[in-house]
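Trainee: I am new to this structure and would be grateful for a close look at a single part of it. Please choose one strand, describe its surroundings with care, and then set it within the wider chain.

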Amino acid sequence: MGQKFQYDESGNTFLYFVMAFLALILMPCSYYFWPNPDKPKEKRSGVQCNCDACIIKEDVLKRKEPRKKLKRLAIRIALSLGWILFAFVAYKITQTDYEYANFDPYEILGVPLSASTVEIKKAYRKLSLLYHPDKETGDEKLFMKLTKAYQALTDDTARRNWEKYGNPDGPGAMSFGIALPSWIVDKENSVWVLGLYALVFMIALPTTVGIWWYRSIQYSSDKVLLDTTQLYYYFFHKTPQMQLKRALMVLAASMEFEKGHNSQVQERVSDNLEVPALIKQLPNLNEKNKERPLCFHYSVKARALLHAHLSRLPLPPNTLELDRQLVIRKSPYLIQEMVTCVSQLIMLAHAGRIGRLPTLDTIESVMKMSPMIVQALWETKSPMMQLPHITEDMQKYFMSKKRNISTVQQFCQMKDEDRRNILKGLSDDQYADVMKVCASMPLIDFKVQCEVLDDEESANVTAGAIVTVTVTLTRNSMNSLLKGENALMKSSHALTTANDDQDEDKENREVDADGNPLQVQNKKPVWQKKKGGAKKPGGKGKHPPPKKNAPVPAIKPAKSAESAEKTKEMKALPDMDDSEDDGASEGSPGSDSDSGSENPDKQMATSGNEDDDDEWEKCQSRLAKNKERALEGKSKISHPVHCPYFPEVKQEYWWTYVSDRKNKQLVTAPYLVTNLVRVEECQLQFTAPRKPGHYKFTVCLRSDSFLGFDQLREIKLDVQEAKRIEEHPQWELLDEEEEKEVESEESEYATDDDVDDDDEDDDDDD
């Protein structure tokens, strides 16, 4: 049986190709590009007040809505037309009279299966006279079928072939239909077909791919120009100790603000008059700086717009105001890239690959720019100006002799009568706007837990171990303070801010009987403390308070629920006194030796196995969570920020990192939390110092959207000497040179003794 290839004459099989092609395009496009009605709700600006800045911002956002609606409508129309075409092609396929349908001669002649030869001939004669091609009602295709059907029922050979092969002609050639119409390969149309092929596959497609590739290689994964990233690396390496105004100059020199790199940037003739006039209003702009590209026109203009934004100066609405919106809209992404560049340089310096080490002040100066730009405030201004209707002239009411209110948290802790008395110059509607914005601001519960994972004793930190700092952020709102749900929160230092670093260090410093600092757990904020002494879980009665000079015990890691239940059962034994309760609560195996058990060794082994199982379960659950987060991706939707001077809707993000504030060093790379809706947990890891001793680190939490909401938590590590592993005779020993290097290697962090000596030197210098 032969094979036969032929093009589709009628276009029936070509419809299958069209339907498959449409399905491959429409299905993913409908999933990704069909407008989701839930997305605009997530991106709304949240709290809206009636201040002038919010009204102007709302008008700006509404002007963008028609374009967004038109784009969504065009996408819906295009996808709808595509699905209509898909349905039409599918309908045509179902209605097509296929050439390869089942051949039934009785059905074609319209005779029953028991028809005689005379009846078959009579039916054929009648139908052939009606559908003969020479007749007016003739149909050549149907006449050929009638002839085949007549031969199949009257000719013995044809009838046997039909009964055996389903075809009167016998076994025919296998036919393969090419899903392309035959006119494509006609000689008359060959020029047009080749021209279309060359236009699509040799010109249009390579050009499109080339343009996409050229644009994509200019940007990093965070959609920042690579030239801008290289510029940041250069300046941060050149100036390791960079101040805030210097960082603003570097930000203004970003290539995103230059016409050649960004087509959205507009250069107008009016800039020759408006920009110099604006520069005259701005002090300390340092516009005469000769460094390149800091002295370029685009950089000076962007710097002037940043200073004008931070000073809240009005700008011409149709020229510089549009440029300001472009610069401010790009700034948060550029600042995140600057933080990444500084942290990478610091890590490279720790690895010994570069000589100059950017200090901790540099990266924190960069971080400070983000809330300043979002709220349009200089760092020296009061954070109370983040609230609507609050002007600089009203600061004297907050900073009077009776009260010293410098943060929004302190303002929310006051009684409503006192708050209204301070803002008595505002109307009732304006005061309602202030309280509405206060209620929406974040109240972060910042918890820190330090441990060594994958170790038998996770609470003990040895030299060179990998220390994991687990940061748990719980996001509440200031509305809980305004409703009076936390009545005990009356301290003016309830939340630790960056301005209280020195006081916080002194308050959290605890020593033992010999005056040595100890590893202590982070203190809870004032509003989380309860009245009365804390009872011991599972204990009987109250225990006397510890003495002042009593040593503070090191913090143990949190136990699992199963081990906690076992501890309670052990405490409930009648023969155990208070001292045995203490030992049982600490989980020490030796505390069970006096409990009257028959086989203490077996009990100790069982307890050790249970602890190993608990640690293994913790490790596995932690790995599972990390895998789920990696697969889910990182969301960038948290809570909208009240920022009337920022031209777009801003979501609140948070940076968290570990630092050595005495040596002004960054210990871990900053982790950007972008999805803090309610509770979020992240892990920061670093290598413990190689020199045993007492060390002090600070876990920092910084907001990229609010001023005065930063928090610090101090952790103290008692680094012990690492346990030496007994060497096997077959193991290779270290060379003498390597041993000398290991012994002579000093820690890059300062111990508490070094800190005290440095403090004395600083006092002498002062």
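Mentor: The account below begins with the chain as a whole, turns to one strand and its partners, and then moves outward to other parts.

The model is a predicted one. Its protein chain holds 25 helices and 11 strands. Of the 766 residues in the protein chain, 38% are buried. If one takes the contacts between residues at least 6 apart in sequence, 71% of them join residues at least 24 apart.

The part chosen for the close look is strand 6, which covers residues 654-660. Seven of its seven residues are buried, and strand 6 is therefore largely enclosed by the rest of the structure. The cut-off behind this reasoning is that a residue counts as buried when its relative accessible area is under 20%. The side chains of strand 6 point in two directions: Trp654, Thr656, Val658 and Asp660 go one way, whereas Trp655, Tyr657 and Ser659 go the other way. Residues pointing in either direction are buried.

Which strands pair with strand 6? Among its partners is strand 10 (residues 693-703), joined to it in the antiparallel sense by six bridges. Within this pairing, Val658 is placed opposite Val699 of strand 10. Strand 8 (residues 671-673) also runs antiparallel to strand 6, and three bridges connect the two. Here Trp655 faces Leu672 of strand 8. A further antiparallel partner is strand 7 (residues 665-666), linked to strand 6 by two bridges. Ser659 has Leu666 of strand 7 as its bridge partner. Strand 6 and strand 7 form a hairpin with four residues between the strands, and in this hairpin Lys664 adopts a positive phi near 55°. As background, the strands of a sheet pair through backbone hydrogen bonds, in either a parallel or an antiparallel manner.

A second group of strands may be set beside this one. Three strands form an open sheet in the order 3-5-9, and their pairing is antiparallel. Strand 3 (442-451) and strand 9 (679-687) are the edge strands, each pairing on one side only. From one strand to the next, the twist averages 20°. Strand 5 (residues 466-477) is antiparallel to strand 9, and nine bridges hold this pairing. One of the paired positions places Thr468 with Gln685 of strand 9 as its bridge partner. The side chains of strand 9 alternate between two faces. Glu680, Cys682, Leu684 and Phe686 point to one face and are buried. Val679, Glu681, Gln683, Gln685 and Thr687 point to the other face and are not buried. In strand 6, by contrast, the residues pointing either way are buried.

The helices provide another view of the chain. Helix 10 (residues 244-252) is mostly covered, with eight of its nine residues buried. Those buried residues are Leu244, Arg246, Ala247, Leu248, Met249, Val250, Leu251 and Ala252. Their cover includes helix 9 (226-238), helix 12, helix 13 and helix 14 (360-375).

Two of these covering helices also pack against each other. Helix 12 (residues 297-310) meets helix 13 (residues 320-350) at an angle of about 85°, and their axes are 9 Å apart. Helix 12 and helix 13 are therefore roughly perpendicular to each other. On the side of helix 12, the contact involves Lys301, Ala302, Leu305, Leu306 and His309. Helix 13 contributes Leu320, Asp323, Arg324, Val327, Ile328 and Ser331. By character, the residues of this contact comprise six nonpolar, two polar and three charged.

Helix 14 contains Val366. This residue counts as buried because its relative accessibility is 0%. Leaving aside residues up to four places away in sequence, Val366 touches Phe236, Ala247, Ile335, Met338 and Val339. Val366 and Val342 are separated by 24 residues in sequence, and their C-alpha atoms lie 9.0 Å apart.

Finally, UniProt, in an unreviewed entry, places the feature "transmembrane region" at residues 14-34, 73-93 and 191-214. In the model, residues 14-34 are 95% helix and 0% strand, with 28 Å between the end C-alpha atoms. Residues 73-93 are 100% helix and 0% strand, and the end C-alpha atoms of this span are 30 Å apart.

Definitions and conventions:
Residues numbered from 1 in each chain as written. Predicted model: local features only at pLDDT ≥ 70, side-chain atom pairs only at ≥ 80, totals over all residues. Heavy atoms only, no water. UniProt positions renumbered as here; feature names shortened; annotations may be inferred. Pairing = 2+ DSSP bridges. Axes fitted to C-alpha atoms, helices over the stretch in contact; angles between N-to-C directions. Parallel < 35°, antiparallel > 145°, perpendicular 65-115°, else oblique. Contact = heavy atoms within 4.5 Å. Nonpolar A, V, L, I, M, F, W, Y, C, P; charged D, E, K, R; others polar. Buried < 20%, exposed > 50% of the residue type's maximum accessible area, 1.4 Å probe, protein only.
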